[in-house]
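Visitor: I'd like a close look at one helix and the surroundings it sits in. Please start there and work outwards.

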Amino acid sequence: MKSSYEVVIIGAGPVGMAMAALLGRLGVDVLIVDRLAAIQMDPRAIALDNEALRILAMCGLALDDLDVVHIPAVNYFSPIYGRFARMNTTESVDTLPPLVTFFQPDLEAGLAASAHASGSVAVRRGVSAQVIENSASGVLLRLKEVDTGVEEDIKARFVVACDGAASSVRQSLGIDFSGISYSQDWLIVDALNVPEPVEEITFYCDPERPAPHMPAPGGRQRWEFMLHPGETQEEFMRDAKIKELLKPWTSFENITVERKAVYRFHARLADTFQVDSVFLAGDAAHVTPPFAGQGLVSGLRDVANLAWKLRAVLNSDLSASALSSYTQERKPHAKKMIRLAQFLGEMIMPANRLKATFVHGLAKFVGLLPVVHRVFTDMKVKPQNRYDDGLFLKARSKTEFVAGAHLPQWWLRSGQGDRQRSDVVFGDCLLCVGVDCDPNRLVDDELREQWQALGGSFFSLSTSEATRDLVGSWSVEGGNSPSSNQVLMLRPDRLILASCDAKSLRRLMPKVIQLFV
Ligand SMILES: Cc1cc2nc3c(=O)[nH]c(=O)nc-3n(C[C@H](O)[C@H](O)[C@H](O)COP(=O)(O)OP(=O)(O)OC[C@H]3O[C@@H](n4cnc5c(N)ncnc54)[C@H](O)[C@@H]3O)c2cc1C
C-alpha cells in the first residue's frame, strides 16, 4: 500500500469505477476505495443512452459484448386517453442504439475489470475515506478499514468523490446540494422468468398508481410502483402486495422476484463540482428522479469530461486553472437533465385525476402538431450534450461543427476494408482532424511542435473512397459525411475545441493552444 497517489477516487459505484477505468487507460496512478466489500446488488439504474455507451467504450468496454436489450420505443399510457405519447428509439445515433436496458451489477463488474486491466489502478474495498486537508496543491485523506477500524493517512494530487447522493465529502467541503426531495416512495421490482415477453418501455401514467414497466437483459422485467401517503415500505415489500400489484401483467406464481427495494427520489444539484483539488462526480454532484433514465448517464458524462483534464494537468499539458471548466461545463448540463426528468415526472405521476386529465390531454393534443410530434417522437426533448461556456474556443465558425458540442460519431472504412467507429480510430488524444485535407501540412514546424507538445496529433479524414486515395486515410461510410476542407480540433472526450476552414488553421491553432497554458 503506497502513501501517495496521483488520483484517489472515493466510491467504487459505477461512476467511480468508470473514472478509474478512464484514468487507468490514460496511465494515471489511481487508488479507488469503497466502504462496501462488494458491488451493490440493489435494483437501481436500468436504462442507458447512446452517449453513455460511447463513454463506456472509452472506458475500455467492448460494446458488442455488452449484455443489453435494445429498446425500440417508449410509450406513455393514460387510463383516459390510452396511449398519449410515444418516443421512437429504433434509429441509431452516433452509430449506437439511443436506448438500451442493462443489468447494473454486470456493468460495474465490467468497469472494474477494465480498470484492473489497465495496470495502474489499485482497488481497496471495505475502506471508508475522508478528506482531511484540501488545497490547490493536493489532498490529505484518512482511510479507515470498516472491519478493524485501523486508520491510515495518504496523499493525493487530486481526489474525485464519487461517493453517492449522501456524499460525506460534499458535506465536509460545505457544498450546498439544493433542490427538492419528492414526497412519494416507489417500489422497484425486478423479476426473472416472466412468461409474457415485452420489448418496449411503457409508463402507465395512472394517477391511482403510476407504474413504469420495461424489459431488461437475462429475460428480466422491471416494474416500478408509486406508493401513496399512508402506504408503507413494509407492506409493499411483502410478496402478497407484489402479487396484487403485478396481477394486471403476470401471475406471481410463475415468476421469480430477483430484487426489490423502496426508494424516494430527489432532484438536487451541488453548487460547485470542485473545491481546490477535490472534485464531485455522479450522484455526489447531482441526483435526479429516474424518469428520464439519466442519473448514471450524467455521472458518466462527468467522468469523461474530467478524466482527460486531470491527466493533462498531471502531465503539465494543461494549467490547473483550466480545471474550473469542469463545473462550468457539467453543472448547467446536469441541471437540464434534472429538469427533463422533472418534466417527464409531471406526466408520469400527475398528482390527481383532474391534473392527469389536463396534462395527458394536453400532451396528446399538442403531440398532434407535426413539429411537437417530431420533437417528442425523435427524442429531441433530450438536451444536447453541448456547452455554452468552458474549455473551447467560443468563436463563430463557418463550418458545420460548433465548438462546445460533441463530435458526431461515424462508421469509417480503411483502404484495407476494415470498418471501425471513428472514436476507436481517433483514439484518446488531442486531435486535429482535416476533412479531405492533411492538417499536418497546413501548419508550420513551430506550430506543429507546440501542438504535439500538448500530446496533440493530426488525422486526415476522407468523405469518400475517392478522396481517401488523395489523403490516404479512412473514409466516412454512409450518408451524413462532413463537408470537405474543414478542420476540427478535438479534445480526448470528443468535444470540439474549435473548427475552421483549412486555410484558417494556421491562425486558429495558436488560439486553441493558448487555452491550455
Ligand atoms: C430506482 C432507480 C432507477 C434508476 N434508473 C436509472 C436509469 O435507468 N438510468 C440512469 O442513468 N440512472 C438511473 N438511476 C440512477 C443511478 O442508479 C445512479 O445515478 C448511479 O447508480 C449513481 O452512481 P454513483 O457511482 O454516482 O453512486 P453510487 O452508486 O451510490 O456509489 C457510491 C459509492 O460510494 C461508496 N461510498 C460512499 N461514501 C464513501 C466513503 N466515505 N468512503 C468510501 N466509499 C464510500 C458507497 O459505498 C457506494 O459504493 C436510477 C436510480 C434508482 C434508485
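**Helix α2 and what lies around it**

Guide: In helix α2, the buried residues are N50, E51, A52, L53, R54, I55, L56 and M58; buried here means 20 or more other C-beta atoms within 10 Å of a residue's own, exposed means 12 or fewer, partly exposed is in between, and C-beta atoms are placed from the backbone. That makes eight of the nine residues in α2 (50-58), so the label "mostly covered" fits. Helices (H or I, at least four residues) and strands (E, at least two) are DSSP runs, numbered from the N terminus.

Bear in mind that this is a predicted model, with local features needing pLDDT of at least 70 and side-chain atom pairs counting only at pLDDT 80 or more, while totals for chains, interfaces and linings use all residues. Residue numbers start from 1 along each chain as its sequence is written.

So what sits over α2? The cover on its buried residues includes α1, β3 (47-49), α7 and α11 (422-426). Just past the helix, G60 adopts a positive phi of about 100°.

Two of those covering helices, α1 and α7, turn up again at the ligand. There, 33 residues make up the surroundings (C-beta, placed from the backbone, within 6 Å of the ligand), and G11, G13, G164, G282 and G295 come nearest. Two or more residues apiece come from α1 (14-25), β2 (30-34), β9 (127-135) and α7. Helix α7 has the largest share, with four residues.

Now for the packing. The largest nonpolar core (buried Ala, Val, Leu, Ile, Met, Phe, Trp, Tyr and Cys joined through C-beta atoms within 7 Å) runs to 114 residues, and V7, M19, L22, V159, V160 and A281 have the most contacts inside it. Helix α7 (295-314) is again the main contributor, giving this core 11 residues. Take V7: beyond its neighbours within four places in sequence, V7 is in contact (C-beta atoms, placed from the backbone, within 7 Å) with L23, V28, V30, A156, R157, F158, V160 and L310. A separate second core has 33 residues, L431, V487, I496 and L505 among them.

Following α7 onwards, you reach the loop between α7 and α8 (325-348), where A322 lies. A322 is partly exposed because it has 16 other C-beta atoms within 10 Å. Setting aside neighbours within four places in sequence, A322 touches K309, L391 and F516. Its C-alpha atom is 21 Å from that of G24, with the two positions 298 residues apart along the chain.

Further out there's a sheet. Eight strands make an open, mixed sheet, ordered β6-β5-β13-β14-β15-β12-β16-β19, where strands pair if DSSP finds at least two bridges between them. At the edges sit β6 (82-88) and β19 (286-287), each paired on one side only. Helix α9 (353-366) packs on this sheet, touching β5 (73-78) and β6.

Stepping through the sheet, β5 and β13 (201-204) run parallel and share four bridges, with Y76 partnered by F203 in β13. Next, β13 and β14 are antiparallel, joined by three bridges, and Y204 faces A211 in β14. These two strands, β13 and β14, form a hairpin with six residues between them. After that, β14 (211-216) and β15 (220-226) run antiparallel with four bridges, and P215 lies opposite Q221 in β15.

Methods. Two residues are in contact if their C-beta atoms, placed from the backbone, lie within 7 Å. Axes are lines fitted to C-alpha atoms, for helices over the stretch in contact, and angles run from 0 to 180 degrees between N-to-C directions.
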